[in-house]
Amino acid sequence: MAASDWIRWADPGGSDGAIHVVLSGSWALADIAAEFGALESALTTMATRVGQGGKKRLTWDLSAIERIDSAGAWLLWRAWGRCWPAEVVVSDAHRRVVDRLAASRVEPAPTKRLSPVEAIEQVGQVVLGGF
């Protein structure tokens, strides 16, 4: 699968000037591991170049996500700059997964870019409490 199988976006050209980002499928490690880097890159590009640093307003729609675990939540949380976006549609269950990760205050090493495997190991250590 490619990142585009999980992420769709539309610029409807309406008067609100918003770009709608729709995430779908399973955002669990077992399903996203092979595309972890591509997903991280796509999400970060969308959030920073278009949204926060760009001229367009982003709306995030997570309602089509079937399943999300800490790895998927970590990807979103980092792309969003470690805060909830202003406009997001998300189920209560999926919000709790992201909130739990956010409360753990996972911070990557500032000088070293982690490989996808190292990133997954870090998230796993936080979620499992170092076991």
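The following dialogue reads selected features of a predicted model, beginning with one serine and ending with the sheet.

Colleague: Where is serine 26 placed, and is serine 26 buried or exposed?

Modeller: Burial is judged from relative accessible area, with values under 20% counting as buried. Serine 26 lies in strand S2, which covers residues 18-27. Its relative accessibility is 12%, and therefore serine 26 counts as buried.

Colleague: What does the side chain of serine 26 reach?

Modeller: One approach is to the backbone nitrogen of alanine 28, at 3.4 Å. The side chain also makes a polar contact of 3.5 Å with the side chain of arginine 67. With neighbours up to four places away in sequence left aside, the residues in contact with serine 26 are Trp6, Asp31, Ile32, Glu66 and Arg67.

Colleague: Where does arginine 67 lie, and which residues does arginine 67 touch?

Modeller: Arginine 67 belongs to strand S3, residues 57-68. Arginine 67 counts as partly exposed because its relative accessibility is 45%. Outside the four nearest places in sequence on either side, arginine 67 touches Gly25, Ser26, Trp27, Ala28, Asp31 and His94.

Colleague: How many salt bridges are there, and which side chains form them?

Modeller: A salt bridge is read from the separation of a side-chain nitrogen of Lys or Arg and a carboxyl oxygen of Asp or Glu, with a limit of 4 Å. The count here is two. In one of them, aspartate 31 and arginine 67 meet through their side chains at 3.0 Å, N to O. This pair links distant parts of the chain, since aspartate 31 is in helix H1 (residues 29-32) and arginine 67 is in strand S3, 36 residues apart. The C-alpha atoms of arginine 67 and aspartate 31 are separated by 9.8 Å. Aspartate 31 is partly exposed, with 35% relative accessibility.

The other joins the side chains of glutamate 40 and arginine 78 at 3.2 Å, N to O. Here too the pair links distant parts of the chain: glutamate 40 is in helix H2 (residues 36-52) and arginine 78 in helix H3 (residues 70-79), 38 residues apart.

Colleague: Are glutamate 40 and arginine 78 buried or exposed?

Modeller: Glutamate 40 has a relative accessible area of 11% and is therefore buried. Arginine 78, at 25%, is partly exposed.

Colleague: Which residues of the largest nonpolar core touch the most other members?

Modeller: This core has 33 residues, and those touching the most other members are Ile7, Leu23, Trp27, Leu43, Trp60, Leu62 and Ile68. At least two core residues come from each of S2, H2, S3, H3, helix H4 (92-104) and helix H5 (116-128). The most are given by H3, with seven residues. As for tryptophan 27, its contacts beyond four places in sequence include Ile7, Leu43, Ile68 and Leu75.

Colleague: What is the strand order of the sheet, and why do S1 and S4 stand at the edges?

Modeller: The four strands form an open sheet with mixed pairing, in the order S1-S2-S3-S4. Strand S1 (7-10) and strand S4 (88-89) each have a single partner strand, so one side of each has no neighbour in the sheet. S3 and S4 are paired in the parallel sense over two bridges. Tryptophan 60 stands opposite valine 88 of S4.

Colleague: Which strands do H3 and H4 meet?

Modeller: H3 lies across S2 and S3, and runs at about 175° to S3. H4 packs on the sheet and touches S3 and S4, its direction making about 100° with that of S3.

Technical notes:
Residues are numbered from 1 along each chain as its sequence is written. This is a predicted model: local features need pLDDT of at least 70, side-chain atom pairs count only at pLDDT 80 or more; totals for chains, interfaces and linings use all residues. Side-chain values use heavy atoms; hydrogens and water are left out. Buried means under 20% relative accessible area, exposed over 50%, partly exposed in between (1.4 Å probe, protein chains only). A polar contact is a pair of N or O atoms within 3.5 Å; within protein, one must be able to donate a hydrogen and the other to accept it, and residues adjacent in sequence count only if both atoms are side-chain atoms. Contact means heavy atoms within 4.5 Å. A nonpolar core is a set of buried Ala, Val, Leu, Ile, Met, Phe, Trp, Tyr and Cys residues joined through side-chain atoms within 4.5 Å. Two strands pair if DSSP finds at least two bridges between them. Axes are lines fitted to C-alpha atoms, for helices over the stretch in contact, and angles run from 0 to 180 degrees between N-to-C directions.
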